Amino acid sequence: MKDVMTRALVLRTGHFREIDIWLKLLLPGSGIQTAFAFGGAKSKHRFPGCLDVLNTLNCRLRTSGRGQFLTLEEACLLEGPVTLRSNWSRMGLAANCLRFLEVLDVSADNAEAAFALVEALRSTLESRASVSQLFPLFFRFALACRVGYAPDLVRCGLCGRSLGQTLAFFQVSEGLMLCAGCRHSPETVRQQLPVSWPVRRLLLAVQKDEPRDWQDLANVEDRRACSTLIDGFIQYHLGIVWDRGGFRKL
Ligand SMILES: [Zn+2]
């Protein structure tokens with residue numbers, strides 16, 4: 001048996017037997033793991049009221065002999081939401097983001113970036129006066145970009161010219177943004193989405209900036225185009241779809 005001290009973000013919890021709790025944790029060094037907190041519903045000494053979703057914990061984890069399961073031996077709260085839990089609609093947005101993260105199942109290499117993004121998500125949902133209803137969609141794109149699927153949104157993927165602030169065209173299957181001159185080139189495929197400058201500016205912010213800096217899209221057409229682009233990109237490149245109220249890997 002081996003003990004490790006680590007930070008952990010609580011993604012999901014559940015009870016089993018009377019006083020025991022299982023947790024899905026995001027660990028910055030190794031990605032998503034399931035851990036068992038025996039006596040977790042009872043022990044205020046080892047788990048002082050901290051085993052809740054969206055909390056960042058400092059914890060001691062123990063791997064069993066063959067490493068096939070993980071127990072949470074003790075934990076304390078490093079940071080967590082203060083007012084967010086009483087805001088049901090915001091907690092709904094957060095839950096949607098966490099479910100996506102679980103299905104994506106980040107690798108150890110990307111775990112630190114995902115960890116930072118979830119902490120930024122928590123503080124944004126907690127502190128910002130208004131948040132776009134598209135926020136979970138933006139989160140999916142931000143996460144995809146941070147785990148290695150970032151498309152170039154600045155230059156044309158064929159000729160390499162800067163796209164400036166012009167209308168561009170996104171080729172979903174290749175993850176390529178094209179200029180108007182290249183969109184009819186024989187090397188391109190037919191399934192392209194027109195992307196206005198406001199949509200591309202928003203995508204650039206989601207790709208590079210913190211969640212607190214993501215703005216909403218004012219125009220209904222732009223919102224629709226942005227949803228179609230992100231959903232298509234996530235489905236094609238990460239193989240994840242929204243299906244009957246949950247995310248699913250294809
Ligand atoms: Zn071009």
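A residue counts as buried here if 20 or more other C-beta atoms lie within 10 Å of its own, as exposed if 12 or fewer do, and as partly exposed in between, with C-beta atoms placed from the backbone. The model is a predicted one, so local features need pLDDT of at least 70 and side-chain atom pairs count only at pLDDT 80 or more, while totals for chains, interfaces and linings use all residues. Residues are numbered from 1 along each chain as its sequence is written.

Start with the whole chain. Its C-alpha atoms fill a box of roughly 65 × 40 × 30 Å along the principal axes, and buried residues make up 30% of its 250 residues. The protein chain has five helices and ten strands; these are DSSP runs numbered from the N terminus, with at least four residues for a helix (H or I) and at least two for a strand (E). Two residues are said to be in contact if their C-beta atoms, placed from the backbone, lie within 7 Å. Of the contacts between residues at least 6 apart in sequence, 59% join residues at least 24 apart.

The domain assignment splits the chain into domain 1 (2–79) and domain 2 (85–151 + 169–249), with bounds that come from an automatic or database domain assignment. Taken over C-alpha atoms, the centres of domain 1 and domain 2 are 29 Å apart. Where they meet, domain 1 puts in 13 residues and domain 2 puts in 15 residues. On the domain 1 side, E1, E2 and E3 each supply at least two of the touching residues.

Next comes the barrel. Five strands close it in the order E1-E2-E3-E5-E4, with mixed pairing; strands pair if DSSP finds at least two bridges between them. From one strand to the next, the twist averages 50°, where axes are lines fitted to C-alpha atoms (for helices, over the stretch in contact) and angles run from 0 to 180 degrees between N-to-C directions. E4 and strand E5 (residues 70–79) run antiparallel to each other over eight bridges, and Leu-61 stands opposite Leu-72 in E5. Helix H1 (residues 88–104) packs on this sheet, touching strand E1 (2–16), strand E2 (20–27) and E3, and its direction makes about 120° with that of E1. Helix H2 (residues 108–127) packs there too, against E1, E2, E3 and E4, at about 105° to the direction of E2. The loop between strand E3 (31–37) and strand E4 (56–63) holds Leu-54, which has a positive phi of about 80° although it is not a glycine. Leu-54 counts as buried because it has 23 C-beta neighbours inside 10 Å.

Now the helices themselves. The expected span of a helix is 1.5 Å times one less than its number of residues. For the 17 residues of H1 that gives 24 Å, and the end C-alpha atoms are indeed 24 Å apart. Buried in H1 are Leu-93, Ala-94, Cys-97, Leu-98, Phe-100, Leu-101 and Leu-104. Seen down the axis, these fall within an arc of 155°, so they line one face of H1; the arc is that of the directions from the helix axis to the C-beta atoms. The face turned away carries the exposed residues Trp-88, Ser-89 and Gly-92. Cover for the buried residues of H1 includes E1, H2, H3, H5, E9 and E10. Right after H1 comes Asp-105, with a positive phi near 55°.

H2 has 20 residues and should span 28 Å; its end C-alpha atoms are 29 Å apart, which agrees. Its buried residues, among them Phe-115, Leu-121 and Arg-122, pack against E1, E2, E3, H1 and H3.

In helix H4 (residues 197–208), the end C-alpha atoms are 16 Å apart, in agreement with the expected 16 Å. Val-199, Arg-200, Leu-202, Leu-203 and Val-206 are the buried residues of H4. They cover an arc of only 160° around the axis, which puts them on the same side of H4. Exposed Leu-204 and Lys-208 sit on the face turned away. The buried side packs against helix H3 (135–149), strand E6 (168–171), strand E8 (192–195) and helix H5 (220–238).

Last, the end of the chain. E9 and E10 pair in the antiparallel sense over four bridges, and Ile-240 has Lys-249 in E10 as its bridge partner. Their hairpin has two residues between the strands, and there Arg-244 takes a positive phi near 45°. Arg-244 is exposed, with 5 other C-beta atoms within 10 Å.
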